[in-house]
Amino acid sequence: MKIRAMKHHDFYESLPRRARYNLSDACGATATLQDILSTDEIAAVASVPLIYGSVEGRDDLRAGIYSLYQKLYPELSSDNITVLSGTEEGLFSIMACILEPEDEVIGMLPCYPSLSDLPACFGAVFKPVELKFENRWQPSIEDFSAQINERTKAIVINSPHNPTGMLLDQSFIDSLIALCQRHDLYLISDDVFAFSDFANIGSQLNVLKYEKAILANVLSKTFGLPGVRIGWVMTRDEELSKSIRDLKTYNSICQSQLDEQVACFVMQKADALIKRNNKIVRENIELFDDFIANNDFLSWHKPEAGMLGLVHSTKPLKPLLESWFEKEVLVLPGELFGIEGDYFRVGFGKREFSEALACITG
Ligand SMILES: Cc1ncc(COP(=O)(O)O)c(C=O)c1O
């Protein structure tokens, strides 16, 4: 296996120091246990036996996660869910279980670097479908179809999208499923922003109607809890579920029992947390839209859902981002996500967004 370092991690390492604000952060509002749990709940976490847990994840945690999906998938159950250490472990496990050397995976570019770079770790090849500013970042089915050949094993999607904030709609997903069915492909859906529906337009897509689809989600993004390493994958493909669980017995074996207990409580208050964090995203996007209106060298397509957006600058990017770094604001260039040109990514999840913006305003 050839492991490639993830581009944005290398980029962080290359910086001379940390900036006070990361305006490109991809997570929801930062919280502590005290912010999200009651005193009794914190006491319950403190009394959890520190033993091995089950490979697939605690039953009540998987039931809590399933309640996020019950409306969309009433015919499924918590048995279709496996708990893992973040979506990152989910994506790695899915690809490890389905890919053979020389297989091909089709996905959108720009994208979260894992999606484009993980296939190569297994000797497979990533075939990009390029998203373009002039198309409002929307791909076409023909773009996906044109990349299919006899070596294609899977299509990977991410909607709402990192880094553009683009949202695929259900009719697009239905066409993609038909394409996958025709060519017997897996459909991998990186769903980490699915609950960041800040404009209430319905960003949760039905991908699991397809037998060979699998979705991955996590507490890191909408819930703003990346330090609780709880993510999950969900599929109706029992063989794939079994392979992922078998692989986990060689990796983490089970989750931290503390994390699982915290995640159980998070699921009990999921609606309120989602609502709270989506409000922050909505307000920050409006602030940033005003910032763009006041800076005519910047342009974008306002994100439809999720918590990220990709911005174009007619001023050269490098000196612009360096000048912002001098003002304690770090912004990630689009090239880290596989797009050339003067683009940068902005993240809208943080409470301190307006403070960060104030540093570079004027
Ligand atoms: C689209 C996407 N997928 C997956 C991940 C991985 O997140 P985690 O490992 O916290 O699950 C990220 C993190 O930024 C992401 O943006």
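Here a trainee and a mentor talk through a predicted model and the terms used to describe it.

Trainee: Before we start, what are the ground rules for this model?

Mentor: Residues are numbered from 1 along each chain as its sequence is written. The model is predicted, with local features needing pLDDT of at least 70 and side-chain atom pairs counting only at pLDDT 80 or more, while totals for chains, interfaces and linings use all residues.

Trainee: Why does the radius of gyration of the protein agree with a compact globule?

Mentor: The radius of gyration is taken over C-alpha atoms, and the globule rule is 2.2 Å times the number of residues to the power 0.38. For 362 residues that rule gives a value near 21 Å, and the protein has 20 Å, so the two agree. The C-alpha atoms fill a box of roughly 55 × 55 × 40 Å along the principal axes.

Trainee: What counts as a helix or a strand here?

Mentor: Both are DSSP runs numbered from the N terminus: H or I over at least four residues for helices, E over at least two for strands. The protein comes to 13 helices and 13 strands.

Trainee: How is the protein divided into domains?

Mentor: The bounds come from an automatic or database domain assignment. Domain 1 is 7-33 + 271-360, and domain 2 is 49-269. Their centres, taken over C-alpha atoms, are 24 Å apart.

Trainee: What makes two residues a contact, and how many does each domain bring?

Mentor: Their C-beta atoms, placed from the backbone, must lie within 7 Å. Domain 1 brings 33 residues to the contact and domain 2 brings 34. On the side of domain 1, helix 11 gives the largest share, seven residues.

Trainee: What classes of residue make up that side of domain 1?

Mentor: Ala, Val, Leu, Ile, Met, Phe, Trp, Tyr, Cys and Pro count as nonpolar, Asp, Glu, Lys and Arg as charged, and the others, Gly among them, as polar. By that scheme, the side of domain 1 that touches domain 2 has 17 nonpolar, 12 polar and four charged residues.

Trainee: Which residues surround the ligand?

Mentor: The test for being near is a C-beta atom, placed from the backbone, within 6 Å. It gives 13 residues, the closest being Gly86, Thr87, Glu88, Tyr112 and Ser220. Helix 5 (residues 86-98) supplies the largest share of this shell, three residues. The shell has five nonpolar, six polar and two charged residues.

Trainee: Where does helix 5 meet helix 6?

Mentor: Glu88, Leu91, Phe92 and Met95 in helix 5 meet Ser114, Leu118 and Pro119 in helix 6. These divide into five nonpolar, one polar and one charged.

Trainee: What is notable about the peptide bonds before Pro160 and Pro163?

Mentor: Most residues other than glycine have a negative phi, and most peptide bonds are trans. The bond joining Ser159 and Pro160 is cis, with omega about -10°, and so is the bond joining Asn162 and Pro163, with omega about 15°. Pro160 sits in the loop between strand 5 (152-158) and helix 8 (170-183), where Pro163 lies too.

Trainee: And what is the phi of Arg136?

Mentor: It is near 55°, a positive value in a residue other than glycine. Arg136 is in the loop between strand 4 (125-130) and helix 7 (141-146).
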